[in-house]
Amino acid sequence: MTFNVLVTDASYKHSLGIVRALGKCNIKPFVLGEKKNTLSAFSKYSKGVIELAQNYDYEIFLDTLKQYNIELIILVPTNSFKKIVPWKLLLKENNIEIITVDLQTQEIAFSKVETYKLAEKIGVPIPKTFYPKTFEDIQKFSKEITYPCVIKGLYEVGGNIVDYAYNETELATKYYSICKKYDLKNQSELPMLQEYISGFGCAFFAVYKNGVCGPTFQHKRIREYPVTGGASVCAESYINPLLEKYGKLLLDALSWHGVAMVEFKMNSKSEPVLMEINPKFWGSTDLALEAGVNFPKYLIDIYQGKELSYSNVYKCPFKYHWPFDGDIQHGIEKKSNLYSVIKDCFNPKVKSNFWFKDLKPSLYLFATFCKAFIVKNIFFK
């Protein structure tokens, strides 16, 4: 490969996974970080870190990319997508590519309201959902919804706004608290109310080229952190034809381009119910990579003009966990699962992002975990 690639947000664990996956294909990317000593920058598969303060503007960003002769950007978390995708056409004029959908399509995916409208139109199941227009609507909806119910933000903000209420009083208290915390006042900002789907979380992942589906993957969640509903810290590859059907229906309808995650929960009838579309790389990217689906490499292939072939073949069942990114914390918080967490740490069949063959970032993960554990359990206990 004769061109330079940049992977954004070097501090994210899935950025590290992307760097490692590309490095194993003899593609060493640069990583973007706010400081020199950050997670992905320690990887032997990284070409080096490009330091930029978080508040960089377009001109600073463009000048920096030109300095390092960057031709392809792989965006990782929500914040980078929301900041950089609006510059997509300007960057293209300077021969710098991003393999993503356009801004309008991205905004549909980030908006749960627009996502659910599309899902209803094409026959993808969604939870029963209420959209308060005023605070007074809460009292009315509180008598119509079943409990427990979910209070959920309308948009993906780089960390979901979500909480659970178990009765009318708790709903009112938690709803007002969320609105105050996030300064949500306008009709277009007020969180939705949603029925609670009690089954396990699962997802369909794919990479598309101009509306045509390429390789795909599925997983189901085993453990989360926080325990009450957070990021996946242990997951397993999964195969469910209905999950693929609904995921493809949505991405086909949007003429997708690039990677995406379509997240579901399995209801009591073993039917997937849509939660959201994630128009970006996801926290459990490592699982897909180790199961044999190299999504970052497929973005390189798209950039090079290669065609993608549809595939749904990967290692299954295949289990992966992130011990120092929430799984051990899950076990500490939920003692009934502690044995399972410890068992997975010593099971050679269960893979993790602690790599002895790429030791520096692994030690950085361990040190960061220890520091956070000491602060939380000693100084703020």
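Two strands count as paired here if DSSP finds at least two bridges between them, and the strands themselves, like the helices, are DSSP runs numbered from the N terminus, with at least two residues in state E for a strand and at least four in H or I for a helix. With that in hand, strand 10, residues 201–209, and strand 11, residues 212–225, pair in the antiparallel sense over 7 bridges, and within this pairing Phe204 stands opposite Gln218 of strand 11.

Before going further, I should say that this is a predicted model, in which local features need pLDDT of at least 70 and side-chain atom pairs count only at pLDDT 80 or more, while totals for chains, interfaces and linings use all residues. Residues are numbered from 1 along each chain as its sequence is written, and side-chain values use heavy atoms, with hydrogens and water left out.

Now to the sheet that holds this pair. It is an open sheet of 7 strands with mixed pairing, in the order 14-13-10-11-12-15-16, and its edges are strand 14 (272–278) and strand 16 (351–352), each of which pairs on one side only.

Two helices lie across the sheet strands, where contact means heavy atoms within 4.5 Å, and where axes are lines fitted to C-alpha atoms, for helices over the stretch in contact, with angles from 0 to 180 degrees between N-to-C directions. Helix 11, residues 295–303, lies across strands 10, 11 and 13, running at about 20° to strand 10, whereas helix 13, residues 338–345, lies across strands 11, 12 and 15, at about 105° to strand 15.

One residue deserves a closer look, namely Asn240, which sits in the loop between strand 12 and helix 9 (241–253). Is Asn240 buried or exposed? Asn240 counts as buried, because its relative accessibility is 12%, and buried means under 20% relative accessible area, with over 50% being exposed and the range between partly exposed (1.4 Å probe, protein chains only). Leaving aside residues up to four places away in sequence, Asn240 touches Gln218 and Met266; Gln218 is the residue that we met opposite Phe204.

Finally, the chain as a whole: its secondary structure comes to 14 helices and 16 strands. The radius of gyration, taken over C-alpha atoms, is 21 Å, close to the 21 Å that the globule rule (2.2 Å times the number of residues to the power 0.38) gives for 381 residues, so the chain is as compact as a globular protein of that length. Buried residues make up 52% of those 381 residues.
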